[in-house]
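Biologist: I would like to learn how to read a protein model feature by feature. Could you take me through one?

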Amino acid sequence: MKIKDVMSTPVVVVPPITPVRDVARHMDYSGVGCVVVSEGPGIAGVVTDRDLAVRVLAQDRGGDTPVGEVMSEQVVMAEADDEVKVAFDVFRRHSFRRLPVAAEGSVVGMVTVDDLLLQMHQLGADLLTPVVKEISEPQHQSD
């Protein structure tokens with residue numbers, strides 16, 4: 001299975017000059033915990049809800065602080081055509097829960113630990129459905 005089969009889209013992208021207050025509003029509106037920071041085709045960084053709490057609120061920085069000042073610049077990414085195992089390996093090696101996904105040099109999605117857990121749950125349910133159906137059907141009795 002490929003990462004593109006489990007990733008979430010679209011990705012929220014903001015320029016580095018965006019005030020963190022607006023980034024938080026984007027996260028709330030879009031229901032995401034991570035925003036890509038970019039100018040043009042490349043990726044400058046990412047900012048998570050945790051980054052906002054630790055690097056803005058905990059340090060008494062204001063809501064007008066540009067997101068470029070508090071983003072994580074060392075971004076690990078996966079490719080959309082990578083196997084899901086790549087995402088598992090990245091999450092195992094690093095202490096984050098979200099992974100931007102690229103295709104042809106552009107960010108096209110985000111895969112999260114939750115996405116992978118939901119996919120595993122669905123696969124397990126798909127495997128058990130025929131078994132449950134067989135168990136729950138009445139057995140034919142021979143005369």
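Modeller: Happily; we will look at sheets, an aromatic pair and pockets in turn.

Modeller: This is a predicted model, in which local features need pLDDT of at least 70, side-chain atom pairs count only at pLDDT 80 or more, and totals for chains, interfaces and linings use all residues. Residues are numbered from 1 along each chain as its sequence is written, and side-chain values use heavy atoms, with hydrogens and water left out.

Biologist: In what order do the three strands β1, β2 and β3 form an open sheet?

Modeller: In general, strands of a sheet pair through backbone hydrogen bonds, either parallel or antiparallel. Helices (H or I, at least four residues) and strands (E, at least two) are DSSP runs numbered from the N terminus, and two strands pair if DSSP finds at least two bridges between them. Here the order is β1-β2-β3, with mixed pairing. The edges are β1 (13-14) and β3 (45-48); each has a single partner strand, so one side of each lacks a neighbour in the sheet.

Biologist: Over how many bridges do β2 and β3 pair?

Modeller: Four, in the antiparallel sense, with β2 covering residues 34-37. You can trace the register through C34, which sits opposite T48 in β3, and through V36, whose bridge partner is V46.

Biologist: And which residues cover the two faces of β3?

Modeller: The general idea is that in a regular strand the side chains alternate between the two faces of the sheet. In β3, G45 and V47 lie on one side and V46 and T48 on the other, and all are buried. Buried means under 20% relative accessible area, exposed over 50%, and partly exposed in between, using a 1.4 Å probe on protein chains only.

Biologist: Which strands make up the other open sheet, the one with β5 in it?

Modeller: Its order is β4-β5-β6, again three strands with mixed pairing. The parallel pairing of β4 and β5 runs over two bridges, and A78 stands opposite V101 in β5.

Biologist: How many aromatic pairs does the structure hold?

Modeller: One. Rings of Phe, Tyr and Trp (its six-membered ring) pair if their centres lie within 6.5 Å; planes under 30 degrees apart are stacked, over 60 edge-to-face, and the rest tilted. F91 and F96 form an edge-to-face pair, 6.4 Å centre to centre with 80° between the planes. F91 is buried at 11% relative accessible area, while F96 is partly exposed at 28%.

Biologist: What is the volume of the largest pocket?

Modeller: Rolling a probe the size of a water molecule over the atoms shows where empty space is left. A pocket is an open set of points on a 1 Å grid over the protein atoms alone, where a 1.4 Å probe fits, with protein on both sides within 12 Å along at least five of seven lines; lining residues have an atom within 4 Å of a point. The largest holds about 360 Å³. Of its 16 lining residues, T48, D51, S72, S95 and F96 are the closest to the centre.

Biologist: Which element gives the most to that lining?

Modeller: That is α2, with four residues. At least two residues each come from β3, α2 (49-57) and β5 (98-103).

How values were computed: Points joined across faces, edges and corners; volume = space filled by probe spheres on them.
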